[in-house]
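User: I'm new to this one and would like to go through its strands with you. Could you put it on screen?

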Amino acid sequence: MTATLPSLDGRRFRMVSSTTSAVDPEAPSIFEYFERDGAIWGGYEGDTVTFGKFVGTRTADKIWVSFVHVLVADGTVVAGDGESDLELTEAGGIRLVEHYEMHGAPQLSVCEEISA
């Protein structure tokens, strides 16, 4: 399978929705992605997360990552993994539809590219 959407390298995304927590539209979590030779990595921080890191792989228009982050609320360290489908937005940016498990239940988050 071949990717139809461009590389995520150097792109930034903002969380727009999550089943795990309420997203503050004024200060959402911001993610920065890097990509090379099928590898994905980056970091994030924001309203509910002090900081987080992720690493994974990309196959066509799907990415898989393992992540770890520290919660703002109580300093709890959370680790997990998940898959994201890459989609094109109506504005021509990239949307990440993230599927992962947290607290023993399936979760869904959506992040959209921040235009430069």
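User: Over how many bridges do strand 4 and strand 5 pair?

Analyst: Quick background: this is a predicted model, where local features need pLDDT of at least 70, side-chain atom pairs count only at pLDDT 80 or more, and totals for chains, interfaces and linings use all residues. Residues are numbered from 1 along each chain as its sequence is written, and side-chain values use heavy atoms, leaving out hydrogens and water. Strands here are DSSP runs (E, at least two residues), numbered from the N terminus, and two of them pair if DSSP finds at least two bridges between them. Strand 5 covers residues 62-71, and its antiparallel pairing with strand 4 counts 10 bridges.

User: Which residue takes a positive phi in the hairpin of strand 4 and strand 5?

Analyst: That hairpin has two residues between the strands. Beside it, Thr59 sits opposite Lys62 of strand 5. The positive phi, near 55°, belongs to Ala60.

User: What stands opposite Tyr44 in strand 4?

Analyst: Strand 3 (residues 39-45) pairs with strand 4 (residues 49-59) in the antiparallel sense, over six bridges. A hairpin of three residues links the two. Facing Tyr44 from strand 4 is Gly52.

User: Which residue of strand 8 stands opposite Met15?

Analyst: The eight strands form a closed barrel in the order 1-2-3-4-5-6-7-8, with antiparallel pairing. Strand 1 (residues 12-18) meets strand 8 (residues 105-113) over five antiparallel bridges. There, the partner of Met15 is Cys111.

Conventions:
Helices (H or I, at least four residues) and strands (E, at least two) are DSSP runs, numbered from the N terminus.
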